[in-house]
Amino acid sequence: MTQPALLDALRTRFGDRFSTAVAILERHGKDEAHHAGVPPDGVVFVQTTEEVVEVVNLCATHDAPIIPFGTGTSLEGHINAIRGGISVDLSMMTAVLEVNEADLDCRVQAGVTRKALNEDLRATGLMFPIDPGADASLGGMTATRASGTNAVRYGTMKDNVLGLTAVLANGEVVRTGGRAPKSSAGYDLTRLLVGSEGTLAIITEIQLKLYGQPEAVSAAVCAFPDIDAAANTAIMVKQMGIPVARMELVDGDSIRAVNQADGLEMQEKPHIFFEFHGTDDWVKEQAELTQAIAIDLGGEDFSWSTKPEERTRLWNARHNMFYSVQRMRPGASAWPTDVCVPISRLAECINATVADLEQTDVLAPIVGHVGDGNFHLAFLFDKDDERELEQVNWVNSRMIDRALEMGGTCTGEHGVGHGKMKYLEREHGAEAVAMMVAIKRALDPQNIMNPGKVLPMN
């Protein structure tokens, strides 16, 4: 339990921007994961890097944990205050500090969401393409090394962050990277903090790459008889060098969910949703090349369109799929999880996972960023039914073990949080994890930065 003296000090300093109201504490202790919520002892709403420094110094003095909070859309218990402490809410830090149109970069505060940034950029002809689905904060996306549907063309957050401003556990402010497109000067501290999930520092500002808005965008959808045909199509599209912007695998159960939720009438078979960016002629050519590949490999009902309303309808269905899937079993708990494997092993990994699911009573629709070898399950289960929980744990563990055996990872984009800590050593080896622990101890000797996440610090 956080010391009353610290709560009093924060209340005195921040007034009504500090709260211990039960509803606010609960909101800041539960993300969209299946993990039970664990509320913090207090929440402070900061507005500047300097205020973050003040909070960190106060917490360090009182040896209290600090948990950064963006929008609460993480999926592995990242914001759970499992050791109590203070939640530092950065949602009021919403300034777009600079946009450098000629250099294709910008600097934003950590609380800016991806949709807000793109709305701000609309008149410039530029865009920020990383799209994890949720309207997450850019600070949170940086901290979890997010990616999403556009990663097959534009990469992940690690590829699009040029530099950071962050507050360390001792209250010092560091500025990493810069605006240059590349650098070989010293350790890459930016990449160290990208994906650190709040365990090394609190990110307050981000320098980001930007891209020109494409002249034309087309979306396409194609049904396949099975996962193998869909995965083989994705492999061939990549091998042919077609610069597809999005390539999303959606299984038959997920199609049934979006048909019900969005009034679509798609065949309940595996589908791939595609998107192409470029000029009018180029997106037409990309779509036609992809269609030829898909049909040759068993695809059917391939259709594509450049009409904004049709593209919007398709991608809204994809982005809302997690919530559409939840409606398939009202009252059930949802456990979203993910793995990533070399794309050549994707169909094998998915099919083996489906075979495991068929031995259970659990429904778990599958979607995947098929161009990256990354796929997601959303287990729907009764959390009070021990048998169902055992089945979910069994399928999830076997899926992760299988991914690691294939040279993949236990999480392609959800992050480790506290939900996947036990797999880290197997994936990276004891020596690499020991190196991570040494970095954590050097930068956070009190272990106050989001303790209990990513690394075992016993």
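Trainee: Which residues gather in a patch of negative charge on the surface?
Mentor: That patch brings together Glu215, Asp280, Asp281 and Glu285; members need over 30% relative accessible area and no salt bridge, and like charges are joined within 9 Å (nonpolar Val, Leu, Ile, Met, Phe, Trp, Tyr within 5 Å). Areas are Shrake-Rupley values with a 1.4 Å probe and only the protein chains shown as cover, a salt bridge is a Lys or Arg side-chain nitrogen within 4 Å of an Asp or Glu carboxyl oxygen, Asp and Glu count as negative, Lys and Arg as positive, His and chain ends not at all, and charges sit at NZ of Lys, CZ of Arg, CG of Asp or CD of Glu.

Trainee: What should I know about the model itself?
Mentor: This is a predicted model, in which local features need pLDDT of at least 70 and side-chain atom pairs count only at pLDDT 80 or more, while totals for chains, interfaces and linings use all residues. Residues are numbered from 1 along each chain as its sequence is written, and side-chain values use heavy atoms, leaving out hydrogens and water.

Trainee: Back to Asp280, where is it found?
Mentor: Asp280 belongs to helix H11, residues 280-296 (helices are DSSP H or I runs of at least four residues, strands E runs of at least two, numbered from the N terminus). Its relative accessible area is 49%, so Asp280 is partly exposed, between buried (under 20%) and exposed (over 50%).

Trainee: And Glu348, which helix does it lie in?
Mentor: Glu348 is part of helix H14, residues 346-357, and is partly exposed, with a relative accessible area of 43%. Between the C-alpha atoms of Glu348 and Ala403 there are 10.0 Å in space, although 55 residues separate them in sequence.

Trainee: Switching to strands, is S14 enclosed or open?
Mentor: Strand S14 (residues 271-278) is largely enclosed by the rest of the structure, because eight of its eight residues are buried. His271, Phe273, Glu275 and His277 point one way, whereas Ile272, Phe274, Phe276 and Gly278 point the other way.

Trainee: Which strands pair with S14?
Mentor: S12 (residues 216-223) does so in the antiparallel sense over eight bridges, with Ala223 opposite His271, and S13 (residues 246-250) is likewise antiparallel, over five bridges, with Leu249 partnering Ile272. Pairing requires at least two DSSP bridges between the strands.

Trainee: What order does the open sheet of four strands follow?
Mentor: The order is S1-S2-S4-S3, with mixed pairing, and the edge strands S1 (18-19) and S3 (66-69) each pair on one side only. Strands S2 (residues 42-45) and S4 (residues 86-89) run parallel and are joined by four bridges, Gly42 having Ile86 as its bridge partner.

Note on methods: Patch = residues over 30% accessible without salt bridge, like charges linked within 9 Å, V, L, I, M, F, W, Y side chains within 5 Å. Buried < 20%, exposed > 50% of the residue type's maximum accessible area, 1.4 Å probe, protein only.
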